[in-house]
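Thanks for coming. I will walk through one structure today, part by part. Please have a look at it before I start.

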Amino acid sequence: SDQQQTERSSSMGKRKLDSKHPITCIVSGLYAGGKLAVARALLKELRSATVLVGDPAAKQALSTKEVIEYNGETPKLPHGLGNVVVLAHDLAQPSRIAAATTSGGRAAPKLLCVIDARSFLDEWESVDALPEKVREAGKKDLRAHLSDKKPCEILAECVESADVIALSHSEAADADELEMLEAMLR
């Protein structure tokens with residue numbers, strides 16, 4: 001399957017979805033495609049949600065009318081919103097977004113990290129920096145909190161703060177890679 005989930009917290013999976021108890025989900029990771037797939041699945045499950053995106057391309061890719069691009073360092077949640085799905089900027093610090101979206105009596109957000117099974121192990125072990133073009137663009141973007149970090153450091157931040165980890169493209173990884181990933185991420 002395209003999305004396998006390793007849950008560190010079962011509270012999200014078992015929580016009843018209703019309008020009396022809106023949830024906030026923050027979807028993080030380095031790859032927009034995987035985050036979009038998870039966001040689409042969340043939107044289908046939630047049936048109604050406002051989506052805040054840190055990337056204009058994500059706004060265009062989602063086919064829902066309630067998509068708002070945030071341009072500040074972190075998204076601001078207007079009062080009275082029901083369910084909210086935040087698609088974090090690829091270089092955003094998920095814990096910073098979580099802190100900013102916890103207000104007004106809302107329950108703490110659930111952090112979902114999407115990783116690419118095809119490349120995670122290589123990036124996790126790599127000491128390479130982000131490409132210069134990406135670093136320079138990130139320095140000019142308030143949403144790119146981690147633009148000065150290496151991909152392995154960004155992945156570590158996302159994975160360590162996650163309540164749920166979703167593996168994209170798991171069908172492209174062999175059984176040994178998937179077993180190693182599962183052992184690392186538990």
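Is Glu 132 buried, partly exposed or exposed? Glu 132 has a relative accessible area of 43%, so it counts as partly exposed. Keep in mind that what you see is a predicted model.

Let me stay with Glu 132 for a moment. Its side chain meets that of Arg 135 in a salt bridge, with N and O 2.2 Å apart. Glu 132 and Arg 135 are 3 residues apart in helix H6, residues 132-139, and therefore about one helical turn separates them.

Helix H6 also holds Glu 136 and Lys 139, again 3 residues apart, about one turn of the helix. The side chains of Glu 136 and Lys 139 form a salt bridge as well, at 3.2 Å from N to O. Glu 136 is partly exposed, at 32% relative accessible area, while Lys 139 is exposed, at 59%. Elsewhere, Glu 69, Asp 141 and Arg 143 are joined into one network by salt bridges that share partners.

How many salt bridges are there by the rule used here? The count comes to 8. One of them pairs Lys 35 with Asp 90, whose closest N and O atoms are 2.6 Å apart. Lys 35 belongs to helix H2, and Asp 90 to the loop between E5 and helix H4 (94-100), so this salt bridge ties together parts that are 55 residues apart in sequence. Lys 35 has 2% relative accessibility and counts as buried. Asp 90, at 23%, counts as partly exposed. The cut-off for buried is under 20%.

Now the inside. In soluble globular proteins, nonpolar side chains tend to be buried together. Here the largest nonpolar core has 21 residues, and among those with the most contacts inside it are Val 38, Leu 42, Leu 62 and Val 85. Which elements each supply at least two residues of this core? They are strand E2 (24-28), helix H2 (32-46), strand E3 (50-53), strand E5 (84-87), strand E6 (110-116) and strand E7 (164-168). The largest share, 6 residues, comes from H2. Apart from this core lies another, of 20 residues, including Ala 117, Leu 130, Leu 146 and Ala 173.

Take Leu 62 as an example from the largest core. Leaving aside neighbours within four places in sequence, Leu 62 is in contact with Leu 36, Ala 39, Arg 40, Leu 43, Val 51, Val 53, Val 67 and Leu 87.

Leu 62 also helps to line the second largest pocket, along with residues including Arg 40, Leu 43, Arg 47 and Glu 66. That pocket has a volume of about 170 Å³. Its lining divides into 3 nonpolar, 3 polar and 4 charged residues.

Last, the enclosed space. The structure holds 1 cavity of 30 Å³ or more. The largest cavity has a volume of about 50 Å³. Which residues line the largest cavity? Lys 35 and Asp 90 turn up again, together with Ala 32, Leu 36, Val 53, Gly 54, Asp 55, Ala 58, Leu 87 and Ala 88. This lining divides into 6 nonpolar, 1 polar and 3 charged residues. H2 gives the most to it, with 3 residues.

To finish, follow H2 once more on your screens. H2 gives the largest share of the largest core, holds the Lys 35 end of the salt bridge to Asp 90, and gives the most to the lining of the largest cavity.

Methods:
Residues numbered from 1 in each chain as written. Predicted model: local features only at pLDDT ≥ 70, side-chain atom pairs only at ≥ 80, totals over all residues. Heavy atoms only, no water. Core = buried A, V, L, I, M, F, W, Y, C linked by side-chain atoms within 4.5 Å. Buried < 20%, exposed > 50% of the residue type's maximum accessible area, 1.4 Å probe, protein only. Helix = DSSP H or I, 4+ residues; strand = E, 2+ residues; numbered from the N terminus. Contact = heavy atoms within 4.5 Å. Salt bridge = Lys/Arg side-chain N within 4 Å of Asp/Glu carboxyl O. 1 Å grid on protein atoms, 1.4 Å probe; cavity = no way out; pocket = protein on both sides within 12 Å on 5 of 7 lines; lining within 4 Å. Points joined across faces, edges and corners; volume = space filled by probe spheres on them. Nonpolar A, V, L, I, M, F, W, Y, C, P; charged D, E, K, R; others polar.
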